[in-house]
Amino acid sequence: MTIVNRSFVIQNTLYKFNKAKKEIFFGWKEKRVDNYLVKIAMREKAILDMLHFKRNIYTTDLILEKLKEYKNDIDYNRLNQYCLKYSKTVQRILGFLYDKLAIDSIYLHCKIKKHGKRMGKKSKK
């Protein structure tokens, strides 16, 4: 996986941009900011992008915390559907986080198992 990063400071805020493959360039809505039309990721897409572009223990812990905090605000059907467009690694990490929070991971488990892979020993079947 090659990730091209660029950083810019706009109005005293640091923004980091990553180049994404066409397959994962979706899940955003357009919003006007200072007369510019910008694409803002939906929360489910933002979760997956964090796991894809910035995969480390800090990010995984942060996502676990946010999934717990906003459990009722997340569209899990959308998250599951979006997740299928990402790598098996991202799918497994999300399944692990679901299991940690007692969120039903059966959908992801079945999709990964269908391709001859497992999520983990303790994944719900």
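The following exchange concerns helix packing and a strand hairpin in a predicted model. In this predicted model, local features need pLDDT of at least 70 and side-chain atom pairs count only at pLDDT 80 or more, while totals for chains, interfaces and linings use all residues. Residues are numbered from 1 along each chain as its sequence is written, and side-chain values use heavy atoms, with hydrogens and water left out.

Trainee: How are α3 and α4 oriented to each other?
Mentor: Helices here are DSSP runs of H or I with at least four residues, and strands are runs of E with at least two, numbered from the N terminus. Helix α3 (residues 76-83) and helix α4 (residues 88-100) pack with their axes 10 Å apart, at an angle of about 150°, where axes are lines fitted to C-alpha atoms over the stretch in contact and angles run from 0 to 180 degrees between N-to-C directions. Angles over 145 degrees count as roughly antiparallel. The two helices, α3 and α4, are therefore roughly antiparallel.

Trainee: Which residues in α4 are met by Tyr-76, Leu-79, Asn-80 and Cys-83 in α3?
Mentor: Contact means heavy atoms within 4.5 Å. On that criterion, the four residues named in α3 meet Val-90, Gln-91, Leu-94 and Tyr-98 in α4.

Trainee: What is the bridge partner of Val-33 in β4?
Mentor: Strands pair if DSSP finds at least two bridges between them, and six bridges join β3 to β4, which run antiparallel. These strands form a hairpin with two residues between them, and Asp-34 in the turn has a positive phi of about 50°. In β4, the partner of Val-33 is Tyr-36.

Notes: Angles under 35 degrees count as roughly parallel, over 145 as roughly antiparallel, 65 to 115 as roughly perpendicular and the rest as oblique.
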